[in-house]
Structures are given as C-alpha cells and as structure tokens.
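Me: I am new to this structure and would like a close look at a single part of it, taken slowly. Please start from one helix and what it packs against, and then work outwards from there.

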Amino acid sequence: MLTVDVESDWGSGRTRGIEEALPRLLDLLDQYEARATFFVVGDFATPFRKRVRPESRHEVGSHGLTHTPLTRLDESDVAFELSRSRSILEDLGFDVRGFRAPFLRSPRMLPRLLANTGYSYDSSMGSVFPSLRNLTRRRDPVVERGIKRIPPSTLFDRITPFSLTYLRLLHPLGLGLRSKHAKLFYFHLHELLDEPRGWRGLPGPLQRLHARNVGERAWNILERLLKTFRGRTMRCRDFVEAHG
Ligand SMILES: [Zn+2]
C-alpha cells in the first residue's frame with residue numbers, strides 16, 4: 001500500500017506540496033501504474049480537489065480536519081474532526097472510507113468514534129518514531145468495534161517505520177533495510193520539495209536532520225520504490241476489502 005498524507009508544508013500553513021509536488025507525483029504514479037491512498041486534511045481538501053478528481057484511480061481518506069493531534073482533544077472535538085473532514089471530502093465528490101490520525105496519535109476511543117461517523121477502516125496504528133509500538137506480527141487488519149485497523153510496517157529492525165522519512169535519513173541504505181513483510185508505506189508531499197525545513201515543532205538540529213535528503217533525492221528514493229513495486233501497489237481500501 002502506497003499512502004500519502006496531504007497537509008500543509010511541515011506544519012507551516014503553506015501548501016507548496018499540494019501545488020507543486022502533487023501534480024508531478026500524479027504523473028510519476030501513472031508512469032509506474034501505481035495506485036495510492038491520499039489521506040487529506042479537511043482544511044486542504046479544496047486545493048487537493050483541484051488536482052485530483054474523484055474519478056481518479058487513487059483513493060481519498062481523511063487525515064483529520066485541522067491536523068491537530070487527536071490525543072489533545074476531548075471526545076466531542078475528536079468526533080467533530082472525524083465527521084466534518086469526512087463530509088467536506090464527500091461534498092467534493094470523494095467516497096471516504098478510511099482515516100489516518102495526525103502524527104498517528106490515536107486516542108483509545110478512536111475505533112468507536114470512527115464506527116459512529118461511518119468510516120470502515122483506520123490506518124493510525126504504530127508510531128511515526130522508531131518504537132515498540134511498531135512491533136507486530138499481524139499482517140492482516142485488526143478488527144476493533146467493527147473498524148479494520150491496518151498494522152504498521154517497518155524496516156528489518158521491526159521498530160523503525162517504513163516511511164520516506166526513514167528512507168531519507170538512512171539513504172542510501174534505507175530501501176534495502178525494509179522488512180520483507182512491509183506492506184504499508186507512507187510519505188508527505190512536503191518531503192518532495194526542495195525546501196529544507198523539517199518539522200517546525202522540532203528543536204533546531206533535529207529539524208535539520210528531519211529535512212535530510214528532501215527534494216530531488218526524495219523523488220529518487222520514491223521512484224526506486226515505485227520501480228520495485230511496479231504494478232503491485234494497492235490502495236488501502238483494496239487491502240482492507242481483500243481481508244474480509
Ligand atoms: Zn500528518
């Protein structure tokens with residue numbers, strides 16, 4: 001599964017990722033016959049919709065309304081993030097079934113609230129950092145309150161996320177370090193921009209490290225990945241449906 005989180009650039013409120021990286025990404029996906037799932041923040045649904053039509057072969061899910069970590073919100077605000085982001089995307093013509101929590105920070109109540117707001121699957125398990133939370137033997141979705149939750153994928157150490165962030169940080173080793181069981185890959189549009197910022201909330205040195213190998217180097221890593229999985233990538237919805 002190839003998944004893309006669509007939000008503002010490095011938490012800045014700017015959207016060069018959507019304006020500049022997204023069109024080039026769509027061409028690249030076509031070139032390698034790849035289908036992807038885009039988890040879109042409701043606040044940025046309109047600029048996204050200008051570039052991706054509901055009839056496209058890609059899938060669109062929700063990445064929250066405002067990209068606020070859900071663990072910081074009370075239950076009614078979490079429910080609002082889930083329902084409002086979904087209705088914005090559906091009003092734009094997208095058929096939304098899946099959700100991914102910002103920063104993968106999911107409160108305990110998430111599956112119940114997702115079920116209440118009409119979602120069918122969740123891609124929020126694991127951690128964005130190397131963590132024991134990524135350690136799992138599960139390959140199939142875990143069903144909780146009727147919501148199918150997709151297990152995280154890692155590099156061969158079984159704790160480092162299989163994401164473009166770590167492929168960039170560990171380049172040129174990264175791609176060779178993936179676990180042979182890894183199925184779920186994720187990245188952000190801003191990683192593809194030639195603008196070495198890193199996540200704004202991080203302290204200075206970490207922010208620079210976080211921005212290692214962005215831009216053209218990141219495009220190259222992504223293209224190598226697409227070449228490796230040519231014609232075999234799938235959307236989250238296809239994976240979830242294939243597992244009952
Ligand atoms: Zn995000």
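Reply: In this predicted model, the buried residues of helix H3 pack against strand E2 (36-40), helix H2 (45-49), strand E3, strand E4 (98-99) and helix H4 (110-116). The residues of H3 that are buried are Val 78, Glu 81, Leu 82, Ser 85, Arg 86, Ile 88 and Leu 89. They cover an arc of only 165° around the axis, and therefore they sit on the same side of H3. The general background is that an α-helix has 3.6 residues a turn, so residues three or four places apart point the same way. On the other side of H3, Ser 76 and Asp 91 are exposed.

The length of the helix can be checked as well: at 1.5 Å a residue, the 17 residues of H3 should span 24 Å, and the end C-alpha atoms of H3 are indeed 24 Å apart, which agrees. After H3 comes Gly 93, whose phi is positive, near 105°.

One residue of H3 deserves its own look, namely Phe 80, which is found in this helix. With a relative accessible area of 47%, Phe 80 counts as partly exposed, because that value falls between the limits of 20% for buried and 50% for exposed. Leaving aside neighbours within four places in sequence, Phe 80 is in contact with Leu 65 and Ser 85, and Ser 85 is one of the buried residues of H3. The C-alpha atoms of Phe 80 and Gly 64 are separated by 9.2 Å, although these two residues are 16 residues apart along the chain.

From here the view can move to the metal site. The zinc ion has as its protein donors Glu 7 (OE), His 63 (NE2) and His 67 (NE2), which lie 2.0 to 2.1 Å from the ion. Along the chain, the donors of the zinc ion follow the spacing E-x55-H-x3-H. Glu 7 lies in the loop between strand E1 (2-6) and helix H1 (16-31), while His 67 lies in the loop between strand E3 (59-62) and helix H3 (75-91), so the pair ties together parts that are 60 residues apart in sequence. Both Glu 7 and His 67 are buried.

The next topic is the nonpolar interior. The largest nonpolar core holds 56 residues, and those that touch the most other members are Leu 2, Leu 25, Phe 38, Phe 48, Phe 185, Phe 187 and Leu 222. The largest share of this core, 7 residues, comes from helix H1. Leu 222, not counting neighbours within four places in sequence, is in contact with Leu 25, Leu 28, Phe 185, Phe 187 and Leu 192. Apart from this core lies another one, of 8 residues, among them Met 1, Phe 39, Tyr 121 and Phe 239.

Last comes a buried polar residue. Ser 123 lies in the loop between strand E5 (121-122) and strand E6 (142-144), and with a relative accessible area of 2% it is buried, because buried means under 20%. The side chains of Ser 123 and Arg 100 are joined by a polar contact of 2.9 Å. Beyond neighbours within four places in sequence, the residues in contact with Ser 123 are Phe 39, Phe 99, Arg 100, Leu 104, Ile 150 and Leu 184, and of these Phe 39 is also listed among the members of the core of 8 residues.

Definitions and conventions: Residues numbered from 1 in each chain as written. Predicted model: local features only at pLDDT ≥ 70, side-chain atom pairs only at ≥ 80, totals over all residues. Heavy atoms only, no water. Donors = N, O, S within 2.8 Å, 3.2 Å for Na, K, Ca; no water. Helix = DSSP H or I, 4+ residues; strand = E, 2+ residues; numbered from the N terminus. Buried < 20%, exposed > 50% of the residue type's maximum accessible area, 1.4 Å probe, protein only. Expected span 1.5 Å × (residues − 1). Arc of directions from axis to C-beta. Contact = heavy atoms within 4.5 Å. Core = buried A, V, L, I, M, F, W, Y, C linked by side-chain atoms within 4.5 Å. Polar contact = N/O pair within 3.5 Å; in protein donor to acceptor, adjacent residues only side chain to side chain.
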